[in-house]
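Welcome! Let us take a walk through this structure together, one stop at a time.

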Amino acid sequence: MQFVVNFPLFTIVLSLFSGALCFMLPGKAARRYTMCYEAFLTVLCLWILQYTYLNGAFTYVMGEFPAPWGNEIRAGVLEATMALIFMIIMLTAVFCGYRFIEKDLDLSKENLYYALLNLMTAALLSMIWTNDLFTGYVFLEILTLTSCGLLIVREIGRTTLAAIRYMILNLLGSGLFLLGVVLLYDLSGHLLMVPIQNAIRELAADPNTFPVLTISTAILTIGLSIKSGLFPFHFWMPDTYGWATPTSAAIMSSLVSKAYIFLLIKIYWRVIGIDIVERMPIRNILLVLGIAGMVIGSVQALHADNINRMAAFSSAANIGYIFMGIGIGGVAGYTAAIFHIFAHAVTKAMLFLTTPRLAEVSGDSLLFKELQGSGLRDRDAGVFFTISAFSMIGIPIFAGFAAKLQFGLAAVEDGAGWRLILVFLALAVSSMLNALYFVRTIIRIYSRPNESTRMEVRPHHRAGYNVPMLVLTVMNLFLGLFSWVTVDLIHRGLMMFS
Amino acid sequence: MKERFLKWFYGESDPMEHILDCAEVPDESREEWKYEEHEIEREISRRVHTQSVIRAERRGFYAFYLIIAVISCLMLIGVLLFTVSQLPRYGVENPRAKEVVERYVEKGLEETGAVNIVSGMILDYRAFDTLGESHVLFTALLCVMILLRLDEKNKRTRYENYYTVLADPYYDISTDPIMRIAATITLPSIFLFGIYILLNGQISPGGGFSGGAVMGAALIIYAAAFGFTVTDRVFTYRMSRCITFLSLAFYSFAKGYVFFTGANGIPNGVPKGTPGAIFSGGLILPLDIAVGMVVACTMFGFYSLFRRGSIGGE
């Protein structure tokens with residue numbers, strides 16, 4: 001056994017330790033430490049990816065007790081890719097956003113912010129690596145609490161209200177998830193993923209227990225889709241993402257809601273078994289809700305008068321895309337869904353990190369009418385905003401296009417029928433709506449303002465902002481131009497799942 | 001039509017404001033509270049009035065919302081009751097479910113060295129979950145600190161009578177003689193009981209979480225009866241931070257070490273001790289102490305933050 005297999009354990013334990021350490025450090029030191037630490041984590045994740053790509057997936061026993069008795073974590077190509085992309089986005093979000101953190105936070109609380117960020121890293125990574133349903137639940141709780149903390153840290157009244165709403169819905173989601181875990185435990189007598197799946201293979205053959213199995217799966221699905229913001233439950237998004245400090249908004253929209261979806265996919269593949277899930281009606285419901293989310297999220301984004309709220313509603317629409325991929329089903333559908341998780345994570349982080357810069361040169365206002373010409377005043381932010389907007393619309397060479405292409409391919413592979421027509425219609429309508437509100441915003445930020453008020457230009461802190469943004473742009477272009485690399489990784493990872 | 005489109009395009013209006021309820025949180029940030037004392041009442045009644053007007057306008061929507069909520073709750077209850085009625089009886093009709101439990105019960109003592117099987121289970125078999133669980137509490141402490149620790153932003157926006165309430169002897173129970181005498185009598189035994197629960201986690205019911213909660217409660221009673229000036233002499237912010245940090249760091253590294261050695265097949269060299277003695281169960285005792293410290297500090301920290309907006313004397 002090589003030393004690399006210990007790395008997933010190290011990433012989790014060191015992140016938990018970093019949380020406690022940042023609690024002790026003064027604010028600035030905590031920030032520097034977090035930056036170095038995230039970079040270190042990125043390297044570890046890259047190493048794990050390389051190892052799993054060459055040698056296949058491995059499970060790692062947490063302690064002396066093997067599978068049905070002790071905890072386990074597992075790393076495969078998909079988990080490692082996910083962790084790598086998440087860590088890169090986390091790193092760029094901290095690098096681009098720390099100036100805003102300093103501005104939005106009270107200085108005495110800066111170290112608490114970074115402590116929460118490290119705990120969130122631990123929770124995200126544990127949810128990615130976990131091979132145990134209950135571990136998933138424990139770290140899902142930490143993820144919920146840290147998200148609330150990262151939200152309320154900008155002590156304006158709106159964030160507190162938004163956090164209360166977020167908290168109530170998320171706790172509902174956690175409660176349903178726990179109920180689902182309890183039901184599965186009662187049916188199978190296990191909490192680790194592989195033993196549960198073995199038990200479920202037998203149970204699913206029995207027509208008497210199949211309805212109970214369907215209900216448990218449905219409860220798990222509802223819990224996690226509330227937490228990630230699928231269509232009827234998406235209305236907490238605009239307030240949450242719209243008022244949080246930019247780093248928090250980027251992390252919460254790009255990583256947190258995606259981690260829940262990843263856990264759901266992992267449960268479908270490794271706990272219930274994908275062939276059994278496809279026999280349940282859940283798939284069609286997710287398809288319809290996903291498509292409804294795509295359209296209604298976009299319509300609400302049209303309706304927003306504030307750029308961050310628009311981006312938040314667009315997040316709701318994109319969560320709809322991902323669930324549509326899950327609804328299409330099959331290896332191709334899940335590949336498309338996971339590809340869109342990556343594409344949207346990269347793009348939305350970029351979007352949420354550029355809008356505050358645009359607002360900064362427009363008198364700290366996020367309203368469209370104030371943003372007129374902001375792309376001319378802050379050229380860097382304008383360019384990066386345009387890139388991410390193009391990617392959101394789905395213009396070729398950017399990641400968004402490749403993702404939409406994957407959805408189309410998956411729908412074709414699924415076979416002709418109402419599902420194919422529905423998916424293609426939804427893709428067309430949603431792309432058109434996306435284009436409508438993003439092109440409008442681009443025109444807005446690049447048209448000259450009528451009166452020459454507030455024409456200050458922002459030249460400082462350029463390298464510290466542009467380098468991480470360029471990294472995100474390169475990732476975006478890589479996902480768009482060389483999508484087959486990522487698709488191949490996802491495909492290998494999914495094959496390792498079963 | 002063209003005019004409306006242009007207005008939307010320039011960001012001056014939205015075309016669908018009457019079509020979709022986007023459920024925005026009303027803009028009433030606390031920074032707006034710049035009113036004089038006598039104006040506050042009027043401002044509150046004005047806002048309450050606005051809210052009631054909005055409610056009256058949307059009465060149909062609220063009724064619809066209520067009905068849907070009740071129906072979906074009833075449906076969920078029905079579905080869950082149906083599911084429970086369909087479940088196999090635990091352990092009787094479901095022999096598979098026994099596999100894990102049997103090993104915990106039959107071999108737990110031998111493998112973990114703890115007489116209390118629950119402790120052996122949560123701190124040895126499934127220690128990774130508990131490692132996460134102890135950080136849930138720490139996360140909660142961080143969130144409460146962010147919300148309630150007084151800073152420049154908080155102080156400016158607190159209601160003005162906040163400090164007068166704090167200084168009012170009527171609200172200060174620490175001058176109450178009954179409270180003081182009762183606390184003097186009971187506190188030593190509560191502290192001792194807390195320490196007992198904490199140290200005997202591997203032998204009898206108890207352990208870090210419950211023992212720490214009792215000790216935290218004792219600290220809270222102490223502060224309530226004798227005032228914060230007494231506790232601040234011993235229990236400062238710095239000390240509470242140090243205790244929390246050292247306990248959590250010890251926990252993470254001890255468990256990390258055990259996971260690492262266990263997974264790599266290296267003997268970890270932690271003595272199991274004699275079952276039933278105080279030094280038994282391997283790492284369970286030190287871990288219980290670490291968890292207990294964190295829980296006690298967190299409980300007292302919550303109380304202190306809610307009472308006066310800081311954890312201890314700075």
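Helices and strands here are runs assigned by DSSP, with at least four residues for a helix and at least two for a strand, and they are numbered from the N terminus. With that in hand, chain B can be read from its N terminus as α-α-α-α-α-α-α-α-α-α-α-α-α. That comes to 13 helices and 0 strands. Keep in mind as you look around that this is a predicted model.

Staying with chain B for a moment, 29% of its 314 residues are buried. Consider also the contacts in chain B between residues at least 6 apart in sequence: 71% of them join residues at least 24 apart.

For a closer view, find helix α9 of chain B (residues 177-199) and helix α10 of chain B (residues 208-226), whose axes lie 8 Å apart at an angle of about 160°. Angles over 145 degrees count as roughly antiparallel, so α9(B) is roughly antiparallel to α10(B). Their crossing is left-handed. Among the residues that meet here are Leu187(B), Ile190(B), Phe191(B) and Gly194(B) from α9(B), and Val214(B), Met215(B), Ala218(B) and Tyr222(B) from α10(B).

Now move over to chain A and its helix α19, residues 462-481. Why does the distance between its ends agree with its number of residues? At 1.5 Å a residue, the 20 residues of this helix should span 28 Å, and its end C-alpha atoms are 27 Å apart, which agrees.

Which residues of α19(A) are buried? They are Tyr465(A), Pro468(A), Met469(A), Leu472(A), Met475(A), Asn476(A), Leu479(A) and Gly480(A). These residues cover an arc of only 140° around the axis, and therefore sit on the same side of α19(A). The spacing has a simple background: an α-helix has 3.6 residues a turn, so residues three or four places apart point the same way. The face turned away from the buried side carries the exposed residues Arg462(A), Ala463(A), Val467(A) and Val474(A).

What covers the buried residues of α19(A)? The cover includes α3 (77-104), α14 (330-360), α16 (379-393), α17 (399-414) and α20 (483-497) of chain A.

Two of those covering helices also meet one another. The axes of α14(A) and α20(A) come within 10 Å and cross at roughly 125°, which means that α14(A) is oblique to α20(A). The contact is made by Val331(A), Tyr334(A), Thr335(A), Ile338(A), Phe339(A) and Phe342(A) of α14(A), together with Thr486(A), Val487(A), Ile490(A), His491(A) and Leu494(A) of α20(A). This crossing of α14(A) and α20(A) is right-handed.

Technical notes:
Residues numbered from 1 in each chain as written. Chains lettered and ligands numbered in written order. Predicted model: local features only at pLDDT ≥ 70, side-chain atom pairs only at ≥ 80, totals over all residues. Expected span 1.5 Å × (residues − 1). Buried ≥ 20, exposed ≤ 12 C-beta atoms within 10 Å, placed from the backbone. Arc of directions from axis to C-beta. Contact = placed C-beta atoms within 7 Å. Axes fitted to C-alpha atoms, helices over the stretch in contact; angles between N-to-C directions. Parallel < 35°, antiparallel > 145°, perpendicular 65-115°, else oblique. Left-handed = near helix turned anticlockwise from the far one by under 90°.
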